[in-house]
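Open the model in your viewer with a residue selection tool at hand. The stops below go from the whole chain to single residues.

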Amino acid sequence: MKVSIIGTGYVGLVTGACFAHMGNIIICADVDEQKISTLNEGQIPIHEPGLQEIVLENASTGRLSFTTDIKAAVKASEFIFIAVGTPRDRDGSADLQQVLSVAKVIGQALDNNTRRIIITKSTVPVGTTKIVKETIAKVLATRGKKHPFEVVSNPEFLKEGKAVSDFLNPDRIVIGTDSTWAKERMQTLYDPFRRTDEMRIIFMDIPSAELTKYAANAMLATRISFMNELAAIAEATGADIDQVRVGIGSDNRIGRRFLFAGVGYGGSCFPKDIRALISTATEIGVQADILAAVDRVNQAQPLRLVKKIKDYYGPEGMVGKTIAVWGLAFKPETDDVRESPAAVIIKSLIKEGAQVRAFDPVAEHSFADMYKLPITYSREMYDCLAGADALVLITEWHQFRRPDFTRMRELLTNPLIFDGRNQYEPVYVKERGFTYISIGRETIKQAE
Ligand SMILES: NC(=O)c1ccc[n+]([C@@H]2O[C@H](COP(=O)([O-])OP(=O)(O)OC[C@H]3O[C@@H](n4cnc5c(N)ncnc54)[C@H](O)[C@@H]3O)[C@@H](O)[C@H]2O)c1
């Protein structure tokens, strides 16, 4: 099947590569010339496990190609996915400029009576797919054309860091359409991904599909903010949030996932999607109390870790202290640093007068490019600790889970860990001679 993906970012590139992997002919198009030439040179602009292999393999067979010629990509395809960004606008709503500009180009490019399917893969507010349809029809009308096309909403649920395996083995695929023909064609396109009976293609109407994406992210974000609020209660009452997590997670009505207290959620999706949903609710006169609280708790959460650091140093302050930071990406296995809690925490530490030295296995360059902060970067996790006054752990990369505590003690001038992700057992760390301050758990003072 011939498919074009307009927008070759985290979602577009993974979508294109995975459809090509199933034998389809895919054109990935983007306005970013640099990105396309990088891809055409066989380099992958993002860090995503398994992506490089699948892109190179499919590009070498000719099933996957890259172009800046969006009109040519549209003309050559039956399925046209819109996978461009929908960033947060100033008022919190989703900025649809990229989506609508692609819709206009599609309207200019459609060229014959082949029936096409235009699919909104980007996360878009309810009603956007209809606007995409109207926009394309309007451009066609100005050209005096009536080329046939259908619109479909097919939101994406992949997780960065596991994007390729999520796309190849999805829990479910949500497709919103009001066309029987488009439903059958989409089913045919996605059938190769249905390797088990449990994986379902869920068909629904277009507005419900659009809202399903926001609802899923809002539910997950709510669980995180809920646990972060409980962590504050646990700290103040002498309970341990990790024990509480295990206690509630074993109730199968609740489940174990997304119950980890920490420095809050970040990334390119949850923060913007929660605010966009609040904005939609406000527009239609619905008071989104829960969503507003989820967002508020999350904004405060990285600063709660900063407060613990400030409280530790007290009147002495942080001027002249060197703080080592482990982790810059918003979560492990990605180099995505958009809305990373690390940025909030590091900016605050700098404001307090600390020198910050940071290490991340893959996100150093993207973090340096996006935030341009006066910090130094280490190429290795232990180098980052040499002569530092404390370690602040922000992203739970696997390599930080079982570090060499003896070596850490030798390198740090003071054996002090602020753990924003509750990676270590407090007793274990205490036995190794550290002061250990984490989230929603007892503060462990270095043994005398
Ligand atoms: N990143 C994720 O984990 C994830 C998961 C699910 C859904 N989504 C949603 O998918 C969408 C894309 O997210 P992303 O993370 O891939 O974004 P991204 O910023 O990585 O990629 C967007 C791409 O679109 C390109 N682009 C912008 N305007 C264009 C235009 N007019 N024509 C062609 N290309 C254009 C950009 O150059 C960029 O390469 C967003 O709506 C996002 O909310 C993202």
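How many residues of domain 1 are in contact with how many residues of domain 2? Before counting, keep in mind that this is a predicted model. Colour the chain by its domain assignment: domain 1 covers 2–204 and domain 2 covers 205–448. Their C-alpha centres lie 33 Å apart. The contact involves 31 residues of domain 1 and 26 residues of domain 2. On the domain 1 side, select α6 (128–142) and β7 (172–176), the elements that give two or more residues to the surface touching domain 2. By class, this side of domain 1 has 13 nonpolar, 11 polar and 7 charged residues.

**Helix α6**

Stay on helix α6 and pick Ile131, which is found there. Ile131 has 17 other C-beta atoms within 10 Å and is therefore partly exposed; the cut-off for a buried residue is 20 or more. Now add Glu425 to the selection. Ile131 and Glu425 are 294 residues apart in sequence, and their C-alpha atoms are 52 Å apart in space.

**The nonpolar cores**

Next, select Ile6, Val14, Ala17, Phe81, Ile82, Ile106 and Ile118. These residues touch the most other members of the largest nonpolar core, which has 82 residues. Helix α9 (residues 206–237) supplies the largest share of this core, with 10 residues. Both domains take part: domain 1 (2–204) and domain 2 (205–448) each give at least three residues to this core.

Centre the view on Ile82. Leaving out residues up to four places away in sequence, Ile82 touches Ile6, Gly7, Val99, Val102, Ile118, Ile119, Thr120, Lys121 and Ser122. Another core, of 47 residues, lies apart from the largest one; Ile323, Phe330, Leu393 and Ile417 are among its members.

**Around the ligand**

Show the ligand and its shell of 26 residues, of which the closest are Gly7, Gly9, Val11, Ser122 and Thr123. Helices are worth highlighting here: α1 (10–21) and α5 (97–109) are the elements that give two or more residues to the shell. By class, the shell divides into 10 nonpolar, 11 polar and 5 charged residues. Two residues of this stop were met at the previous one, since Ile82 touches Gly7 and Ser122.

**Strands β5 and β6**

Select strand β5 (residues 116–120) together with β6. The two run parallel and are joined by 5 bridges. To find one of the paired positions, pick Arg116, whose bridge partner in β6 is Phe149. Is strand β6 largely enclosed or left open by the rest of the structure? Of the 5 residues of β6 (residues 149–153), 4 are buried, so this strand is largely enclosed.

**The six-stranded sheet**

Move to the open sheet of 6 strands, with parallel pairing and the order β11-β10-β9-β12-β13-β14. Its edges are β11 (376–377) and β14 (435–437); each has a single partner strand, so one side of each is left without a neighbour in the sheet. At the β14 end, 3 bridges join this strand to β13 (residues 416–419), and the two run parallel. Pick Phe418 to see one pairing: its bridge partner in β14 is Ile437.

**Two positive phi values**

Most residues other than glycine have a negative phi. Two exceptions can be visited in turn. Lys372 has a phi near 45°, a positive value in a residue other than glycine. Lys372 sits in the loop between α14 (364–371) and β11, and it is exposed, with 8 other C-beta atoms within 10 Å.

Asn422 also has a positive phi, near 45°. Its place is the loop between β13 and α16 (426–431). Is Asn422 buried or exposed? With 21 other C-beta atoms within 10 Å, Asn422 is buried.

**Last stop: Ile278**

Finish in helix α11 (residues 270–283), where Ile278 is found. Ile278 has 22 C-beta neighbours inside 10 Å and so counts as buried. Which residues does Ile278 touch, not counting those up to four places away in sequence? They are Gly92, Ala288, Leu291, Ala292 and Asp295. Measure to one of them as a check: Ile278 and Ala292 are 14 residues apart in sequence and 6.9 Å apart in space, C-alpha to C-alpha.

Methods:
Residues numbered from 1 in each chain as written. Predicted model: local features only at pLDDT ≥ 70, side-chain atom pairs only at ≥ 80, totals over all residues. Core = buried A, V, L, I, M, F, W, Y, C linked by C-beta atoms within 7 Å. Buried ≥ 20, exposed ≤ 12 C-beta atoms within 10 Å, placed from the backbone. Domains from an automatic or database assignment. Contact = placed C-beta atoms within 7 Å. Nonpolar A, V, L, I, M, F, W, Y, C, P; charged D, E, K, R; others polar. Pairing = 2+ DSSP bridges. Near = placed C-beta within 6 Å.
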